[in-house]
Amino acid sequence: MFRRLPDPPAPPIPFTLDGEAVQGAAGDTVAAALLALGRAACRDTAVSGTPRGPYCMMGVCFDCLVVVDGVGNRQGCLVPLRPGMAVQTQRGRRETGR
Amino acid sequence: MGLDGGAPGGDAAPMSGISSFDAAVIGGGVVGASVARGLLGAGLSTCILDEGDVAHRASRGNFALVWVQSKGLGMARYGAWTRASSDLWGAFAAGLRAETGVDVAHQRQGGFSLCLSEEELEKRRASLLRMHNQPGWIPYPWEVLDRAALLPEFPGLGPEVVGGLFCPLDGHVNSLKLFRALHISFAARGGAYLPERPVSAITPLSAGGFRIETPRGAVEAGKVVLAAGIANARLAPMVGLSAPVRPQRGQVLVTEKTAPFLRRPVVTLRQADEGGIMIGDSAEEAGLDERVGLGVLSVLADRAVRMFPAIASLNVVRSWAALRVMSQDGFPIYDASGAPGAFLATCHSGVTLAAAHDALLAPMIARGALDADMAPFGAWRFDVPQVA
């Protein structure tokens, strides 16, 4: 759905997505990196379990929720991607205390 | 309040003739809609005259408990009335679901009050003892639990919680779904919902019944029921009644939706059916000011985290304030006018009492008089010379 602009390539940032080793680019947010990897959906909704993905990319819609380094319901569009991050799909509701 | 969204000429009342109903309910919140649904169930053609979206709408801000354990100190009849509604709630919810398809998520598996100090626990225990020792009290089970007894229910209980109270009659519901279900049911039963109609005057008609004036035209009705919350104070004198009620602000926080962690509600904290954790139970005298304030919200959040440390990491997604409809003694007012046909219903527990309003109060109104055992709820009790 998305491809990166033909700018001079940014340095790659390695991270894991649901345990799989993948790469984003320096300057990506987590949500941007997922979109660039072709991951349109990053979570299932808390009530109906419908797949959802990043939409507003500016912290408003809460549709880009992911688990980042073990913490649930992080807004992927507001979290800068860092090397070695463990990103997981948010399955439904967050666990209380996690 | 300032913003009047009503467009002149839009959605105008019929120009020819005045709509006429067996009963007109003024106020379309949970209280008004519950009574109106019950009136339709009793066979009366009924309209609801409501304000618009900017009304002070306690029904959209409440905490959604169906709560028994702390209700009635000072008026045994209120304890019995609350208990009766709680007993009716299961059938009420099932009826709404069958009729509207909306599951209001009613649960009645008991509820807790948790205390963060021995003094707090002793105060609550003493208050419940006094309540249950009142003359005319109809007993029901409740118990005081120490910390050890609470742990099986709440494995993540904070270290400061010394004990609490439990009553098996308590429960909760999704009150937004309740509000919606009541209106769907009202429409399905043939009721006429008339919004943007703040009432300016109520005049008795010589042939019986009332003419009710609104900016969008008048309606006539054989019976009129005042269920307009805080506005009842202004409306009641129009039909020779009195409703000394004032707004009392309550503030609520809700967290993001999380996996189930609370099986049963605590009076200050509950997990809604869809997973959000609601934190509330503040009370302030602030007039019609519906703003939230960090002072109260931080106290609510602090107490909640001391009770359940695991929720500290959750994000709060919304906070809001709503205005309880409070009488001088905190109990409901149900009254009927000397000239027949005008009734008053006002309370701060419209969710808990919804089942009683639908199944008990509305049939009384349809019959034309409140039952004799409703006398303790009359506004006569605020008239000192009359009481003395």
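The exercises below, each with a worked solution, concern a predicted model.

**Exercise 1. The contact between the chains**

Find how many residues each chain gives to the contact between chain A and chain B, and sort the chain B side by class.

Solution.
Step 1. Chain A contributes 8 residues to the contact, and chain B contributes 12 residues.
Step 2. On the side of chain B that touches chain A, 5 residues are nonpolar, 4 are polar and 3 are charged.

**Exercise 2. Two helices of chain B**

Describe how helix H1 and helix H5 of chain B lie relative to each other: parallel, antiparallel, perpendicular or oblique?

Solution.
Step 1. Locate the helices: H1 of chain B covers residues 30-41, and H5 of chain B covers residues 175-188.
Step 2. Their axes come within 9 Å of each other and cross at roughly 30°.
Step 3. Angles under 35 degrees count as roughly parallel, so H1(B) and H5(B) are roughly parallel to each other.
Step 4. The handedness of the crossing of H1(B) and H5(B) is left-handed.
Step 5. List the residues that make the contact. From H1(B) come B:Val30, B:Ala33, B:Ser34, B:Ala36, B:Arg37 and B:Leu40. From H5(B) come B:Leu178, B:Phe179, B:Leu182, B:His183, B:Ser185 and B:Phe186.
Step 6. By class, the residues of the contact of H1(B) with H5(B) are 8 nonpolar, 3 polar and 1 charged.

**Exercise 3. The setting of B:Glu122**

Decide whether B:Glu122 counts as buried, exposed or partly exposed.

Solution.
Step 1. B:Glu122 sits in helix H3 of chain B, which spans residues 118-132.
Step 2. B:Glu122 has 14 C-beta neighbours inside 10 Å.
Step 3. A buried residue needs 20 or more such neighbours and an exposed one has 12 or fewer, so B:Glu122 counts as partly exposed.
Step 4. As a further detail, B:Glu122 and B:Gly163 are 41 residues apart along the chain, and their C-alpha atoms are separated by 9.7 Å.

**Exercise 4. A sheet of chain B and a helix across it**

Give the strand order of the open sheet of 4 strands in chain B, name the edge strands, and place helix H7.

Solution.
Step 1. The order is E13-E14-E12-E15, and the pairing is antiparallel.
Step 2. Strand E13 (269-271) and strand E15 (316-327) of chain B are the edges, since each pairs on one side only.
Step 3. On average, neighbouring strands of this sheet are turned by 25° against each other, direction ignored.
Step 4. E13(B) is joined by 3 bridges to strand E14 (residues 276-279) of chain B. Within this pair, B:Arg270 has B:Met278 in E14(B) as its bridge partner.
Step 5. Helix H7 (residues 294-307) of chain B lies across E12, E13, E14 and E15 of chain B. H7 runs at about 50° to E12(B), the strand of residues 245-257.

Methods: Residues numbered from 1 in each chain as written. Chains lettered and ligands numbered in written order. Predicted model: local features only at pLDDT ≥ 70, side-chain atom pairs only at ≥ 80, totals over all residues. Contact = placed C-beta atoms within 7 Å. Nonpolar A, V, L, I, M, F, W, Y, C, P; charged D, E, K, R; others polar. Axes fitted to C-alpha atoms, helices over the stretch in contact; angles between N-to-C directions. Parallel < 35°, antiparallel > 145°, perpendicular 65-115°, else oblique. Left-handed = near helix turned anticlockwise from the far one by under 90°. Pairing = 2+ DSSP bridges.
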